[in-house]
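Here's a quick tour for anyone meeting this structure for the first time. Have a look at the sequence and the model, then read on.

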Amino acid sequence: MDAQLTNHIPSSPWIPIPDKRVICIEHPAIIRNLKNGIETLGGEEALSKLAASNGNMALHLRFRPEDPMQTPIESRSVPTNNLLLKITIPKRRKKRRANEETGTRHEDSNTSMKQEPLLDKLQASKGNYKVEAVGMIDKTVRFRDMASFQWNISRSKFVAKMKDKLADGNYEKIQQFELSQDRGNPDSEILPPPTFTNTVIPHTYNYRQNPAVKRALIDGKTALLNFQAAPKTLTPMVHISIAAIPSKPASVPEYEQLDALHKECVDYLRSLFERRPIWTRRALYNNFPKHLQTMVRFTMAHVAYMWRAGPWRDTCVLYGIDPRTDAKYRIYQSVFFQIETNKSRPSYQSSNIVNSDSHIFDGQRLIRDGRCFQLCDVTDPLLQQLINTEMLRKTCDVR
């Protein structure tokens, strides 16, 4: 029974494959003009060399063949095992209908000049087509490299002159080629480099969203929030070149809107700034109760601003006070030291030991994690002689 069923199953026709090796070129553009397409690959001469090398020679693709300074795209040959098929479809006759009254002819709508896809043509032919094998494709030339950045030199006078004198290799014309002797001419032409980039393979970046960023619904709208981002302190940071310093806090909640713990921290800050108008953050921490130390950075914006650079860099200054206007504020300048952090030396203070005097420099003890000191906190006798000098400038020199 199985043998009888097998005999009635139609088999596909056998198509002989000629012993002919073919090289396939995958052009990245849509070829509408075969001659122009061959010119972009270097012309028939380049194709002849490719065939002579059995597909091992590289082709150079130029979308502007007339531009010799264009950086080409180099091909890569890969071994393949494909078939080249020739499909012949009979042309369909154009259906025309004559207008009996006017005698004019109108072409049917299915005779459009638009190029139809091959699959549509095969389906429309209803099996009336012929397929034959041309040969085996054992080499395929592909263009997978990225094109370099392009510089249009069509309007370049120098390049036009260089093409005219040097392109054809005429010795007499080469002798006539001269470079301009002008120096410092702002209209001098700058030629582009031979290539702008040597990256031919695109990088795989694998962009991914930060795992700490989550979607949240805020006021009926979806927003992205980073739940691991450090909270903003809102303390104003000013540069030494600023004309007017902040006189009051801005973009912070009112004092009445704060909770009891924040109010206690703000009140304590105000009491410290009444004793001294300029502080470093380390000096403030050392004079703060332990249960309020972590809140100093968030409540600082209610009392003081900070300098980003200059003589008072990284110091907190009471609102409305500009230390550049009076020489009495010179003792609050900050100085920075690059301290060696050799843990083997016992003279260094360990950072895990609480020291309420770590903001003071006495010339005998070094704090491993402390490098910013104010002049008023330097108690070393030798340095105090330099600090307490009477030779002062009349105006502040921010440099």
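What follows is a short walk through the nonpolar cores and the salt bridges.

## Before we start

Keep in mind that this is a predicted model.

## The largest nonpolar core

Let's begin on the inside. The largest nonpolar core has 18 residues, and the members that touch the most others are Leu-269, Phe-273, Trp-279, Leu-284, Phe-288, Met-300 and Cys-316. Which elements give two or more residues to this core? They are two helices, α7 (260-275) and α8 (281-286), plus the strand β12 (304-307). Of these, α7 gives the most, chipping in 5 residues.

For a feel of how the members meet, pick Leu-284. Setting aside neighbours within four places in sequence, Leu-284 is in contact with Leu-269, Leu-272, Phe-273, Trp-279, Met-300 and Cys-316.

## A second core

That isn't the whole story of the inside. Apart from the largest core lies another one, made of 12 residues. Val-238, Ile-278, Val-317 and Tyr-329 are among them.

## Salt bridges

Now for the charged side chains. How many salt bridges does the structure hold? There are 9, and three of the pairs are worth a visit here.

Start with Arg-64 and Asp-67, whose side chains meet at 3.1 Å, N to O. Is Asp-67 buried or exposed? Asp-67 has 5% relative accessibility, so it counts as buried, since the cut-off for that is under 20%. Its partner Arg-64 comes in at 24%, and therefore counts as partly exposed.

## Two more pairs and a network

Next come Asp-164 and Lys-165, with a salt bridge of 3.8 Å, N to O, between their side chains. This pair is mixed as well: Asp-164 is partly exposed, with a relative accessible area of 40%, whereas Lys-165 counts as buried because its relative accessibility is 17%.

The side chains of Asp-168 and Lys-173 form a salt bridge too, at 3.5 Å, N to O. Here neither partner is buried: Asp-168 is partly exposed, with a relative accessible area of 48%, and Lys-173 is partly exposed at 29% relative accessibility. Elsewhere, which residues do shared salt-bridge partners join into one network? The answer is Glu-26, Arg-142 and Arg-144.

Methods
Residues numbered from 1 in each chain as written. Predicted model: local features only at pLDDT ≥ 70, side-chain atom pairs only at ≥ 80, totals over all residues. Heavy atoms only, no water. Core = buried A, V, L, I, M, F, W, Y, C linked by side-chain atoms within 4.5 Å. Buried < 20%, exposed > 50% of the residue type's maximum accessible area, 1.4 Å probe, protein only. Helix = DSSP H or I, 4+ residues; strand = E, 2+ residues; numbered from the N terminus. Contact = heavy atoms within 4.5 Å. Salt bridge = Lys/Arg side-chain N within 4 Å of Asp/Glu carboxyl O.
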